[in-house]
Amino acid sequence: MSSTFHGLETSLRGLRTHQSALNTTGHNISNASTPGYSRQRVNFTQTEAFPAPGRNRPQIPGQLGTGVEAGSVQRVRESFLDLQFRGESTKSGYWSARSNALQKMEEIINEPSDHGLGKTMDRFWQSLQDLAVNPEDSGARSVVRERGKALAGTFNYLSGSLTSIKDDIKLQIDNSADTISSIAEQINDLNRQIGELEPHGYLPNDLYDKRDLLVDQLSELANVKVSKVDSGGDDLEIAEGKYTIQLVDDSGTAIGTLVDGEKLNWNELKVGYQDGKANTFTLTEYDKDGNATGKAPEAINYTAKGQLLGQIEAHNEVYPEMLSKLDEMAYQFVEAFNAQHQAGKGLDDSTGLNFFNIPDRTDGTKVDASDWSGAASLIKLDANITGDSGLNKIAASSDGNDGDGSNALLLSDVKDETLTFQSGDATFQSFYEGAIGEMAVDTQQANRLKGNSETLKQSVEERRQSVSGVSLDEEMTRMMQFQHAYNAAARNITSIDEMLDRIINGMGRVGR
C-alpha cells in the first residue's frame, strides 16, 4: 500500500522539476543576445511508478505514478545545419579573401581614370606627336621629357604599390595561420573540460556552445571536418563527446589534423616562404598543457579551402602574375622605344642614345629578355636625357635636320608596334588592355561568388537560429506554462495538506 504522504512527494517532484524548467527558461532569456548560444530545454522524465514489479509487491489495482523529474538539460541544436553553415562559411571566407585582394589591385591600377597608366601613356604619345610638329621647340621637348618621367614614375608606383600589398597579404597569411592555431588550442582545452564532465553524466551545454562557436570561426579560415569521440564512463547517450578536427581538401580528404580528441593534443600550423611564395606548411604537435610533444613537425600539402587559401593564392599567384605582366610590359616598351630612339638624331646630332634606362637590380643582376623581373620598378629616364643638355638629345629627327620631326612621329607609333610577349604577339596598348580586362573579369567573378556564398551562409544561419536561437516570445510562453504547472503542484500540496489535516485532526472525535 502506498504511503499516506505519497501525494505530497509526487507534487514536490512537480515543484522541483518545473522550478528547474523555469531556471532554464531564465538562462535562455538571459543569453538571448549571447553570440553562439543555443537555447536549452529540460527533458521531463516520468519517475518510476509504484509499486515496482516483484514478488513482494503490494496488491493494489495498478501502478501509481510517482511524478516527474528533470532527466537532463539539453541544448537544442541541429548538426546538419551546422555542417551546412560551415560549408558556406568556408566558401565565403575563400571568395572574400580573393575578392578583397583583387579589389585592392583594382584600386592601385586605377583604370580607367585620368591617373592610371593608360592615360599617362596617352599623354606621352601625344607629347611625341606635338614634338613631331615642332621638333626645335624646347617647350615641346621639355613636355616629352617630363611626360616620360611621369610614365616611368607610374610604372615605379604601380610596381611598388603592388609589391607592398603583396607583402601585406603575407602578414595576413601569418595572422590567419596563427588564428587557426589559437582556435585549435582553445578547442583542445574545451575538449579536455568536456572530457572531464561527461563521464559523470553531465551535459556541459555552455562548453558545447563555446566549442561550436570556435569551430564556426575556424571554418571561415579553413575547410575542416569534425568527428566526435566518446568521453566514456557514464556519459549520456545525447552527450556530444570530444571533437577531432581535420583540415580537408575539396574532395573531403584529410590533409592534416588540427585537434586530436582521442589524445587531447593539438597542432600548430606554420607557413614557410621560399622564393617569395608561401609554399611550405607544417603542423607541430602540442599536448593539452601546451607543451611540444617532441614529435617531428608534419609537412602537409595545404589545399584546405577558406580564407587562408584565398590569401595564399593572392600572394603566390594573383599579385605575382600582375607584377610579371607589368615588368614584361615595361621591358618590352623600353626595348622598342629605345631601339627607335637610337635610330634618330638629336638637335646636337647625338645618335644611338637611349631615352629610357633599366638599371641592374640591387643584387647586380641584369634585366634582360631572359628575366625581366623588376623592370617596372627600375625603369627611369636615361642619364643622357635628364642631363643639362638632355633636351637637345631627344632624337626627334631621322636625318639630323633641325626641322625634321619624323623620328618623333615614329616614336609615337611604337604604341601600335606589334611586340612579342610571352602570351603571344600584341601591341603595347592591347597587351595592357588585355591585362586590365582579365583582372576586371577575375574581380567580377570573385565578387559574384563572394555575394552568392554570403547569401547562402546568411540563409543557413537564419534557419539555424530558428532552431537554436532564443525566441523571447516562445520563452515567455514556456515561462507561463511552467509557472502555472508549478502553481498547480503547489495547489495539489495544499489539497493533500487539507486532506491530511482532516484525517489527523478531524477524525476520531465521536464520543468525546
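How many bridges join strand β4 to strand β5, and in which sense do the two run? In this predicted model, β4 (residues 242-248) and β5 (residues 254-260) are held together by 4 bridges and run antiparallel. That pair is a handy place to start, so let's look at it residue by residue before stepping back.

Two facing pairs help you find your way along these strands. I245 sits opposite V259 in β5, and V248 sits opposite A254, also in β5. The two strands make a hairpin with 5 residues between them, and in that hairpin G252 adopts a positive phi near 90°. On its other side, β4 pairs with β3, again in the antiparallel sense, this time over 6 bridges. There you can pick out V229 standing opposite K242 of β4. As for burial, 6 of the 7 residues of β4 are buried, so the strand is largely enclosed by the rest of the structure.

Now step back to the whole sheet. It is open, has 6 strands, and follows the order β3-β4-β5-β6-β7-β8 with antiparallel pairing. The edges belong to β3 (224-229) and β8 (298-300); each of them has a single partner strand, so one side of each is left without a neighbour in the sheet. Going from one strand to the next, the twist averages 30°.

Helices come next. Helix α4, spanning residues 138-197, packs on the sheet and touches β4, β5, β6 (265-274) and β7 (277-286). Its direction makes about 170° with that of β6. Helix α6 (residues 307-343) is another one to look at here: α6 lies across β6 and β7, and runs at about 145° to β7.

While you're on α6, have a look at K325, which is found in that helix. Is this lysine buried or exposed? With a relative accessible area of 17%, K325 is buried, because the cut-off for that label is under 20%. Setting aside neighbours within four places in sequence, K325 is in contact with F431, A435 and E438.

Those numbers are a cue to turn to helix α10, which covers residues 428-468. Helix α3 (residues 117-133) packs against α10 at an angle of about 170°, and the two axes are 11 Å apart. Angles over 145 degrees count as roughly antiparallel, so that is how α3 and α10 are described relative to each other. The crossing of α3 past α10 is left-handed. On the α3 side, the contact is made by L117, G118, M121, D122 and W125, and on the α10 side by F428, Q429 and Y432. Sorted by class, the residues of this contact come out as 5 nonpolar, 2 polar and 1 charged.

Helix α2 (residues 79-109) packs with α10 too, at an angle of about 150° and with the axes 7 Å apart. These two are therefore roughly antiparallel to each other, and α2 passes α10 in a left-handed crossing. The class make-up of the α2 contact with α10 is 15 nonpolar, 10 polar and 12 charged residues.

Just ahead of α10 in the numbering are two short strands worth a stop. Strand β11 (residues 418-421) and strand β12 (residues 424-427) are joined by 4 bridges and run antiparallel. They form a hairpin with 2 residues between them, and T420 stands opposite D425 in β12. β11 has two distinct faces: L419 and F421 make up the covered one, while T418 and T420 make up the uncovered one.

To finish, go back towards the start of the chain and find A52, in the loop between β1 (40-46) and β2 (68-75). A52 has 38% relative accessibility, so it counts as partly exposed. Beyond neighbours within four places in sequence, A52 is in contact with R57 and Q63. You can also gauge the loop from A52 to L64: they are 12 residues apart in sequence, and their C-alpha atoms are 9.8 Å apart in space.

Definitions and conventions: Residues numbered from 1 in each chain as written. Predicted model: local features only at pLDDT ≥ 70, side-chain atom pairs only at ≥ 80, totals over all residues. Heavy atoms only, no water. Pairing = 2+ DSSP bridges. Axes fitted to C-alpha atoms, helices over the stretch in contact; angles between N-to-C directions. Contact = heavy atoms within 4.5 Å. Buried < 20%, exposed > 50% of the residue type's maximum accessible area, 1.4 Å probe, protein only. Parallel < 35°, antiparallel > 145°, perpendicular 65-115°, else oblique. Left-handed = near helix turned anticlockwise from the far one by under 90°. Nonpolar A, V, L, I, M, F, W, Y, C, P; charged D, E, K, R; others polar.
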